[in-house]
Amino acid sequence: MAFSFNFNISSEIKQNCTNEEDDNKDTANNQVDETSARKKVKEALEHRAAADLLSSIDHAVTETLTIGALPPLLYLNESVFEQTASERDDAEKVLSQTITQNSDLITGVYEGGLKIWEGTQDLLEYIDNEGKTFSGKRVLDLGCGAGLLGILALKRGASKVHFQDYNSTVIEQLTIPNVFLNSVEEGDDKNRGDEDCSPAPKRRSTEKTHALGDCCGFFSGDWVSFLSLIQSQDPTLRYDLIFTSETIYNTDYYPSLHDVFQKLLAEHGVVYLATKSHYFGVGGGLYLFESFVEGKNVFQIKSLRELDQGLKRHIVSLSFKKSPS
Ligand SMILES: C[S@@+](CC[C@H](N)C(=O)[O-])C[C@H]1O[C@@H](n2cnc3c(N)ncnc32)[C@H](O)[C@@H]1O
């Protein structure tokens, strides 16, 4: 999608947003105002695949991302959203707003999930280099957008993958279709003759779709509300791994993001975070987030990789300093 790389900060919070009490503003940890994050709550929802999903993705224009030895990851072509915005069911109106405002991000309205950000690619490359697999792991792809990190976890053996994005439009129109696009049955080609050079038929059985549905969960909404929803569904659920790419650009969201990590990460679990050093025009970035986390004194942050191409990019991990109470 031909979005710009600028960040359009709108103070207007629309659609499903409820205003909570405007608490007195303390000078919270490390320049982060915890109360402002609490004002914006986009109600969390769990989503299921639409009944006509299989037929709709059979005609979709797709791309494939291939990184090293990782399995190829299929995803819907971004530019199609722009071209077909008027025909799509977009109750949040994020498609039309991103197009008219020509922006990748409209704070509190659209948080950038329709395009694939560099951090996702960086984290996939890191996973490839480290040869990581996820057998039996419970995984959360937090701020998933296209969902490629969660999809890889599924392909590499995860037992449960939850996908969360702020926008329901992103979950319904991009994440869920991408997960099902990647669910082509293993061995579809087994019975094809050597001479058969026609493109392999896309075969996604309904059973496979149900099976995937059983181990995946799809959620939209603000992190505050997402956390409440997950805890109300299963108070004991903890994720072994949380992947989160390009989600620390706004310091207002640090308290709720930290809360999700603290309440939903398993005792010996790991958060893998991909980020830029600094997000111009928004204000957040790795150094501010690190000092926020240090102020909370719950997690240790470890630098795993630095990429120095123009604006510095990083892969870091977070793990508990000690067992959560
Ligand atoms: C810049 S996009 C990155 C998308 C994707 N992870 C990638 O790397 O391509 C940031 C993502 O974080 C999520 N996000 C940001 N702030 C959020 C908040 N306060 N509550 C819930 N989700 C949020 C949005 O869903 C959005 O998709």
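Colleague: Hello! Setting aside residues up to four places away in sequence, which residues does Thr275 touch?
Modeller: Happy to help, and please keep in mind that this is a predicted model. Thr275 is found in strand 10, which covers residues 265–276. Leaving out residues up to four places away in sequence, the residues that Thr275 touches are Ile248, Leu286, Lys312, Arg313 and His314.

Colleague: Is Thr275 buried or exposed?
Modeller: A residue counts as buried when its relative accessible area is under 20%. Thr275 has a relative accessible area of 2%, so this residue is buried.

Colleague: With the side chain of which residue does the side chain of Thr275 make a polar contact?
Modeller: For a polar contact, the two N or O atoms must lie within 3.5 Å. The side chain of Thr275 has such a partner at 3.5 Å, and the contact is with the side chain of Tyr279.

Colleague: Thanks! Which residues, together with Tyr279, are named in the second, separate core?
Modeller: Let's start with the largest nonpolar core, which has 45 residues; Leu124, Phe163 and Phe243 touch the most other members. Helix 7 (residues 168–181) gives the most to this core, with 7 residues. The second, separate core has 35 residues, and besides Tyr279 it includes Leu140, Trp223 and Leu318.

Colleague: Why might nonpolar side chains form cores at all?
Modeller: In soluble globular proteins, nonpolar side chains tend to be buried together. As for this protein, the share of its 325 residues that count as buried is 52%.

Colleague: How many disulfides does a search of the whole structure find?
Modeller: Cys216 makes a good example, and it counts as buried at 9% relative accessibility. Its closest cysteine sulfur is in Cys215, at 4.5 Å, which is too far for a bond because a disulfide needs sulfur atoms within 2.5 Å. Over the whole structure, the number of disulfides found is 0.

Colleague: Which elements give two or more residues to the lining of the largest cavity?
Modeller: The count comes to 2 cavities of 30 Å³ or more, and about 360 Å³ of space lies in the largest cavity. Of the 27 residues that line the largest cavity, the closest to its centre are Glu111, Gly143, Cys144, Asp165 and Thr247. The elements giving two or more residues to this lining are strand 6 (138–142), helix 6 (148–155) and strand 7 (160–165).

Colleague: How far apart in space are Ser225 and Leu45, C-alpha to C-alpha?
Modeller: Ser225 sits in helix 9 (residues 223–233). Not counting residues up to four places away in sequence, Ser225 touches Val41, Lys42, Glu43 and Ala44. Ser225 and Leu45 are 180 residues apart in sequence, but their C-alpha to C-alpha distance in space is 8.8 Å.

Colleague: What share of the contacts with a separation of 6 or more comes from residues 24 or more positions apart?
Modeller: The secondary structure of the protein comes to 11 helices and 12 strands. Among contacts with a separation of 6 or more, the share from residues 24 or more positions apart is 71%.

Colleague: One last thing: which residue with a positive phi follows helix 4?
Modeller: Helix 4 covers residues 94–101, and its buried residues include Val94, Leu95, Gln97 and Thr98. After the helix comes a residue with a phi near 45°, and that residue is Asn102.

Notes:
Residues numbered from 1 in each chain as written. Predicted model: local features only at pLDDT ≥ 70, side-chain atom pairs only at ≥ 80, totals over all residues. Heavy atoms only, no water. Helix = DSSP H or I, 4+ residues; strand = E, 2+ residues; numbered from the N terminus. Buried < 20%, exposed > 50% of the residue type's maximum accessible area, 1.4 Å probe, protein only. Polar contact = N/O pair within 3.5 Å; in protein donor to acceptor, adjacent residues only side chain to side chain. Contact = heavy atoms within 4.5 Å. Core = buried A, V, L, I, M, F, W, Y, C linked by side-chain atoms within 4.5 Å. 1 Å grid on protein atoms, 1.4 Å probe; cavity = no way out; pocket = protein on both sides within 12 Å on 5 of 7 lines; lining within 4 Å. Points joined across faces, edges and corners; volume = space filled by probe spheres on them.
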